[in-house]
Amino acid sequence: MVSQLLELLNAYEEDPSVKLVIIKGEGKAFSAGGAVSVLLNVSWKEAAILFSTAYALDYLIATYAKTQVSLIRGIVMGGGAAFAVHGRFRVVTDDTVFAMPETALGLFPDVGASYYLSRLPGFFGEYVGLTGARLDGAEMLACGLATHFVPLEKFSALEDALCKANTGDPKIINNIIHDFSNKNPKLKEKSQFFRLKTINSCFSRRTVEEIISALEEEADKNKDDWISWTIKTLKKASPTSLKISLRSIRTGRLQGVGQCLIREFRMSCTVVRGKVCRDFFEGCRALLVDKDKNPKWEPSKLELVSNQMVDSYFAPLDDEAWTDIKLPVRPNLTSYAICKL
């Protein structure tokens, strides 16, 4: 699917008859995630080829010359989230559910997530990336992951209007989507976005250990189910994944999308190679294969994950057959807009 999308989008970009590209899921989900299981049955070098193709597609979408609209219905998780979130117009609706739950699998938020998560308000990206928290459509709009919220009953009519417009002019496309949009969808009473002050206070800390400690201090002062859930989720995740994810997002704040993808390629190859840590394979066993939901992480505690171990995920692999992913220079790179249009 990734290879086919890459081929099609490259062809559409060169085709003068194509004015607008719409990406949507088939059915009631945009992308369900779970494709990581394929990595269990290939060598790490074969996995590297898969990663390089997927990241090339993500980079193409993020730098696409023609106007692209992502119509995001239902679940949008994992690698498929990149097809939606890197697009210029990101339209969500009532049943949209976004998450990057990789730390529970022994992975880290990749496919350019360190670029877009690091650009969310305050330290909301660290919170979403480390906990795998699920966001609904209204929360995606509030934090900037989405550009528009269109009620579900208007979704099909919006797509028809976009097609009938026969234009790729971003101003016209924006106006069309705007006409169908709910400008200020109401956040739920217990929305995580209302916790931004606490999130900024806790997730701005330098290390994962300090983040958890700050959350525990908050829990002592305030008996809040959300804080308890956040602490429990972090303590259940892979310690190694938490540490490399935090550094990845923090590093992403200072990098462009291409640089983030090149670095994440190194990290992904190191994960599937399994020489530093094999938590990915254990996470897949516990959540996807045996489904006992009881992974045995190794190292088992945050304090046992050394800085040297974390450093190794960000370094070139010590294999003469391995090279960094090569991404072309493209003139259409636009900065990720964390705002409502």
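**Notebook: overall fold and Leu-246**

I started with the contacts: of those in the protein with a separation of 6 or more, 76% are between residues 24 or more positions apart. Note to self: this is a predicted model.

Next I pulled the secondary structure, and the count came to 15 helices and 7 strands. I then checked the radius of gyration, which is 20 Å; the globule rule gives 20 Å for 341 residues, so the protein is as compact as a globular protein of that length. For the box, I got a C-alpha trace spanning about 60 × 55 × 40 Å along the principal axes.

Then I turned to burial and surface. Of the 341 residues, 55% are buried. The protein exposes about 15800 Å², and 52% of that comes from carbon and sulfur atoms.

I looked up charges too. There are 43 positive and 40 negative side chains, and I find the centres of the two sets 3 Å apart.

Last entry, on a single residue. Where does Leu-246 sit? I located Leu-246 in helix α12, which covers residues 239-252. Is Leu-246 buried or exposed? Its relative accessible area is 5%, and since buried means under 20%, Leu-246 counts as buried.

I also listed what Leu-246 touches, leaving aside neighbours within four places in sequence: Glu-126, Leu-130, Arg-206, Thr-207, Val-208 and Ile-211. For one more distance I took Phe-108, which is 138 residues from Leu-246 along the chain; their C-alpha atoms are separated by 8.9 Å.

How values were computed: Residues numbered from 1 in each chain as written. Predicted model: local features only at pLDDT ≥ 70, side-chain atom pairs only at ≥ 80, totals over all residues. Heavy atoms only, no water. Helix = DSSP H or I, 4+ residues; strand = E, 2+ residues; numbered from the N terminus. Rg over C-alpha atoms; globule rule 2.2 N^0.38 Å. Buried < 20%, exposed > 50% of the residue type's maximum accessible area, 1.4 Å probe, protein only. Contact = heavy atoms within 4.5 Å. Areas by Shrake-Rupley, 256 points an atom, 1.4 Å probe, with all protein chains shown as cover. Lys, Arg positive; Asp, Glu negative; His and termini not counted. Charge placed at Lys NZ, Arg CZ, Asp CG, Glu CD.
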